[in-house]
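Me: I have this model open and would like to talk through its fold and a few of its residues. Could you go through it with me?

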Amino acid sequence: MPETGDVAPDFTAPLANGDIDSFTLSDRLADEAPIVLAFFPGAFTGVCTTEMCTFQDRLSAFNDVDATVYGVSVDSPFSLNEFRDQNDLEFGLLSDFEKEIIDDYDIRMDFDDLGVHGVAKRSVFVINGDGEITYSWVTDDPGVEPEYAEVEDAVADAS
């Protein structure tokens, strides 16, 4: 699992931003860093909706330091666009439908009791303009949300 100080694994994924565009992390660093990658297990679920809506509610703090927030899940880009619309999210959501990103970041988890396999652990990575991870937080408990103020501080430090 990549940690603070490591180079963030690069990836290309569909970006749900109202349309569906292509997103490559390394191509976005120069203009959008620091970048916050907020991984969540699944759209339209309770804690995940709360988390993404909390990022939306706090988006001005990230915008104030020219940071860019992206949610990331294994949902399809079509589902993610609907999730964005229903929750009035102004930031993009990345679709890891092929589950390559969660494998590269080593944050794949299963809900065996539900028969759900291969979703993202709830986690947050802050990446600076050099592609270095300056903050990482990962939980094995999908019911736990990140400390949002801590993420904001990490982003401010990376600016």
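What follows is a conversation about the sheet, the helices packed on it and some individual residues.

Me: Before we start, what kind of model is this?
Reply: This is a predicted model.

Me: OK, the main sheet then: how many strands, and in what order?
Reply: The sheet is open and has seven strands in the order 2-1-5-4-3-8-9, with mixed pairing. Strand 2 (20-24) and strand 9 (133-138) are the edge strands, each pairing on one side only. From one strand to the next, the twist averages 25 degrees.

Me: In which sense do strand 4 and strand 5 pair?
Reply: Strand 4 (residues 68-73) and strand 5 (residues 92-95) pair in the parallel sense, over four bridges. Within this pair, Ser 73 stands opposite Ser 95 of strand 5.

Me: Is Ser 95 buried or exposed?
Reply: Ser 95 has a relative accessibility of 2%, and it therefore counts as buried, the cut-off being under 20%. A polar atom of the Ser 95 side chain lies 2.6 Å from the backbone oxygen of Asp 75.

Me: And what else is Ser 95 in contact with?
Reply: If neighbours within four places in sequence are left aside, Ser 95 is in contact with Ala 13, Pro 14, Ser 73, Asp 75, Ser 76, Pro 77 and Leu 80.

Me: Switching to helices, which strands does helix 1 lie across?
Reply: Helix 1 (residues 25-32) lies across strand 1 (12-16), strand 2, strand 3 (35-39), strand 4 and strand 8 (123-127), and it runs at about 85 degrees to strand 2. Helix 6 (residues 148-158) also packs on the sheet, where it touches strand 3, strand 8 and strand 9, and its direction makes about 15 degrees with that of strand 8.

Me: Which residues of helix 6 are buried?
Reply: The buried residues of helix 6 are Tyr 148, Val 151, Glu 152, Ala 154, Val 155 and Ala 158. Seen down the axis of helix 6, these buried residues fall within an arc of 160 degrees, so they line one face of the helix. An α-helix has 3.6 residues a turn, so residues three or four places apart point the same way.

Me: What covers them?
Reply: The cover over the buried residues of helix 6 includes strand 3, helix 2 (46-57), helix 3 (59-64), strand 8 and strand 9.

Me: Since helix 2 came up, which residue does UniProt list for "active site"?
Reply: The UniProt record, an unreviewed entry, lists Cys 48 for "active site", and Cys 48 is found in helix 2. Its relative accessibility is 2%, so Cys 48 counts as buried. Apart from neighbours within four places in sequence, Cys 48 is in contact with Phe 40, Pro 41, Gly 42, Phe 83 and Arg 122.

Me: What about Thr 49, what does that one touch?
Reply: Thr 49 also lies in helix 2, and, not counting residues up to four places away in sequence, it touches Phe 44, Phe 83 and Asn 87. A polar atom of the Thr 49 side chain lies 2.8 Å from the backbone oxygen of Thr 45. Thr 49 and Arg 84 are 35 residues apart in sequence, and their C-alpha atoms are 9.8 Å apart in space.

Me: Where does Phe 44 lie, and what is its phi?
Reply: Phe 44 lies in the loop between strand 3 and helix 2, and its phi is near 65 degrees, a positive value in a residue other than glycine. At 42% relative accessibility, Phe 44 counts as partly exposed. Asp 66 likewise has a positive phi, near 55 degrees, in a residue other than glycine, and it is found in the loop between helix 3 and strand 4. Asp 66 is exposed, with a relative accessible area of 59%.

Me: Which peptide bond is cis?
Reply: The peptide bond from Ala 33 to Pro 34 is cis, with omega near 0 degrees, and Pro 34 sits in the loop between helix 1 and strand 3.

Me: Last topic, how do strand 6 and strand 7 pair?
Reply: Strand 6 and strand 7 (residues 116-120) pair in the antiparallel sense over three bridges, and Arg 108 has Ala 120 in strand 7 as its bridge partner. Their hairpin has four residues between the strands, and Gly 115 takes a positive phi there, near 75 degrees.

Me: Which residues of strand 6 are on its covered face?
Reply: In strand 6 (residues 108-111), Met 109 and Phe 111 make up the covered face, while Arg 108 and Asp 110 are on the uncovered one. In a regular strand the side chains alternate between the two faces of the sheet.

Note on methods: Residues are numbered from 1 along each chain as its sequence is written. This is a predicted model: local features need pLDDT of at least 70, side-chain atom pairs count only at pLDDT 80 or more; totals for chains, interfaces and linings use all residues. Side-chain values use heavy atoms; hydrogens and water are left out. Two strands pair if DSSP finds at least two bridges between them. Helices (H or I, at least four residues) and strands (E, at least two) are DSSP runs, numbered from the N terminus. Axes are lines fitted to C-alpha atoms, for helices over the stretch in contact, and angles run from 0 to 180 degrees between N-to-C directions. Contact means heavy atoms within 4.5 Å. Buried means under 20% relative accessible area, exposed over 50%, partly exposed in between (1.4 Å probe, protein chains only). The arc is that of the directions from the helix axis to the C-beta atoms. A polar contact is a pair of N or O atoms within 3.5 Å; within protein, one must be able to donate a hydrogen and the other to accept it, and residues adjacent in sequence count only if both atoms are side-chain atoms. UniProt positions are given in the numbering used here, feature names are shortened, and annotations may be inferred rather than shown by experiment.
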